[in-house]
Amino acid sequence: MAIRIIREEGDEILRKKSKEVDEVNDKIREILDDMVETMHHYNGVGLSAPQIGLLKRLVVIDLYDDKGPIKLVNPKILKQEGEQEVEEGCLSFPNEFAKIIRPAKVTIEALDENGKKIKIKADKLLAQAIAHEVDHLDGILFVDKIIPGTLQYIEPEENS
Ligand code: NI
């Protein structure tokens, strides 16, 4: 496992559309493991493959609850319901936070790390995280959806 470099604001790859994964093999499992390690290292709740420079439809999410890290291959939103106004950030925009509108509930279909088809019904933070990460796979970023006037810049902590 390895911590990968996170692509940040302004990197063109964040605006590209990712490709479907044909086969869930050891190489894909290794990428997913690296994505989980990278997400944990930066204390994120979600990470998509384009954020580490790979245009593949791969997402990891961890709400640090009993569900543990969730690894999704080719996630597809089948249904979304309602709205929630949420506070949001992104590991590719380390100092920016804003309010945005996300679906209140989403139902998705994906493959797990063994290539098995799974379906997840999510609400609250999990619905938000899934919607955010699936957007990344289509080059859509949370800054595209900011409620006007709610963007905040937080200065990074100086450790040196
Ligand atoms: Ni993000």
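In the next few minutes I will go through the nickel site of this predicted model and then two residues with unusual backbone angles.

Let me start with the metal. The nickel ion is coordinated by three residues, namely Cys90 through SG, His132 through NE2 and His136 through NE2, at 2.0 to 2.2 Å. If you follow these donors along the chain, you will find that their spacing reads C-x41-H-x3-H. The two histidines belong to one element, since histidine 132 and histidine 136 both lie in helix H2, which covers residues 124-137, and they are four residues apart there, about one turn of the helix.

Are these two histidines buried or exposed? Histidine 132 has a relative accessible area of 6%, and because the cut-off for buried is under 20%, it counts as buried. Histidine 136 is likewise buried, with a relative accessible area of 2%.

Now to the backbone, where I would like to point out two residues in loops. Asparagine 43, although it is not a glycine, has a positive phi of about 55 degrees, and you can find it in the loop that runs between helix H1 (26-41) and strand E1 (46-48). With a relative accessibility of 66%, asparagine 43 counts as exposed, because the threshold for that word is over 50%.

The other residue is tyrosine 64, again not a glycine, whose phi is positive and near 55 degrees. Tyrosine 64 sits in the loop between strand E2 (58-61) and strand E3 (70-81), and at 46% relative accessibility it counts as partly exposed.

Key: Residues numbered from 1 in each chain as written. Predicted model: local features only at pLDDT ≥ 70, side-chain atom pairs only at ≥ 80, totals over all residues. Heavy atoms only, no water. Donors = N, O, S within 2.8 Å, 3.2 Å for Na, K, Ca; no water. Buried < 20%, exposed > 50% of the residue type's maximum accessible area, 1.4 Å probe, protein only.
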